[in-house]
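Visitor: Hello! Could you walk me through this structure, one question at a time?

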Amino acid sequence: MIEELYREHWPLVCGFLLRRTRDPHLAEDLAQETFVKATRALLGWRGDNAAAWLLTIARHVLIDHARRKRLEIPLPSADEIGAPEFPADALTVRQVLKDLPEQHRKLLVAVYYEGFSLAEVAAMTGRSPAAVKTAVWRARTAFADSYGAFQC
């Protein structure tokens, strides 16, 4: 069973981790850890969407890795890099996201905040990539409408 999951989902899990770590060796190590944890948790798996289950484990492995390493990089000031100041409407964005229907909010957070690709979201939800693309468009439209109304 785990061998089938490994063969079928290794590229998805490894690609997900590679996009986040930008280090091929670290991504492979974390992917291996993901499948070790999946093997241990296999008895508790309900047989739902395997890709979603494995990507969730991979995400937790990545978070645990970051916590263990306590990765902190000193950031230059905004003046040093010539960046504009943090926009004052960040709180507005949070409020608009909070007020959106749950399915829109979850989709926007997965794609734009957590960085999942449309293919990964499709794998996690069991929907086609085209359906996910349409749902993201609808969620963005709902966000834009709410944001515009909030600004008035």
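Visitor: Is the crossing where α3 passes α7 left-handed or right-handed?
Guide: Happy to help, and please keep in mind that this is a predicted model. The two helices to look at are α3, residues 50-69, and α7, residues 118-125. Their axes come within 6 Å and cross at roughly 115°. The way α3 passes α7 makes the crossing left-handed.

Visitor: What kinds of residues make up the contact of α3 with α7?
Guide: On the α3 side you will find A51, A52 and L55, and they meet E120, A123 and M124 of α7. Sorted by type, the residues of this contact come out as one charged, no polar and five nonpolar.

Visitor: Which residues of α7 are buried?
Guide: Buried here means under 20% relative accessible area. In α7, the residues that count as buried are E120, V121 and A122.

Visitor: Which residue with a positive phi follows α7?
Guide: Look just past the end of α7. The phi there is near 75°, and the residue is G126.

Visitor: How far apart are the closest N and O atoms in the salt bridge of R7 with E3?
Guide: Both residues sit in helix α1, residues 2-21, and because they are four residues apart, about one helical turn separates them. R7 is exposed at 59% relative accessible area, and E3 is exposed too, at 53%. The closest N and O atoms of this salt bridge are apart by 3.4 Å.

Visitor: How many residues apart in sequence are the parts that R68 and E33 tie together?
Guide: The side chains of R68 and E33 form a salt bridge, with 3.8 Å from N to O. R68 belongs to helix α3 and E33 to helix α2, so the pair links parts whose separation in sequence is 35 residues.

Visitor: Is E102, the partner of K106 in a salt bridge, exposed or partly exposed?
Guide: K106 and E102 are both in helix α6, residues 102-113, four residues apart, or about one turn. Their side chains meet in a salt bridge of 2.9 Å, N to O. K106 is exposed at 53% relative accessibility. Exposed requires over 50%, and E102 has 45%, so E102 is partly exposed.

Visitor: Which element of the protein chain has the lowest mean pLDDT?
Guide: The protein chain averages a pLDDT of 82, and 81% of the residues score at least 70. Among the elements, helix α2, residues 24-41, has the highest mean, 91. The lowest mean, 58, belongs to residues 78-81, helix α4.

Methods. Residues are numbered from 1 along each chain as its sequence is written. This is a predicted model: local features need pLDDT of at least 70, side-chain atom pairs count only at pLDDT 80 or more; totals for chains, interfaces and linings use all residues. Side-chain values use heavy atoms; hydrogens and water are left out. Axes are lines fitted to C-alpha atoms, for helices over the stretch in contact, and angles run from 0 to 180 degrees between N-to-C directions. A crossing is left-handed if the near helix is turned anticlockwise from the far one by less than a right angle, and right-handed if clockwise. Contact means heavy atoms within 4.5 Å. Ala, Val, Leu, Ile, Met, Phe, Trp, Tyr, Cys and Pro count as nonpolar, Asp, Glu, Lys and Arg as charged, and the others, Gly among them, as polar. Buried means under 20% relative accessible area, exposed over 50%, partly exposed in between (1.4 Å probe, protein chains only). pLDDT is the predictor's confidence in each residue, from 0 to 100. A salt bridge is a side-chain nitrogen of Lys or Arg within 4 Å of a carboxyl oxygen of Asp or Glu.
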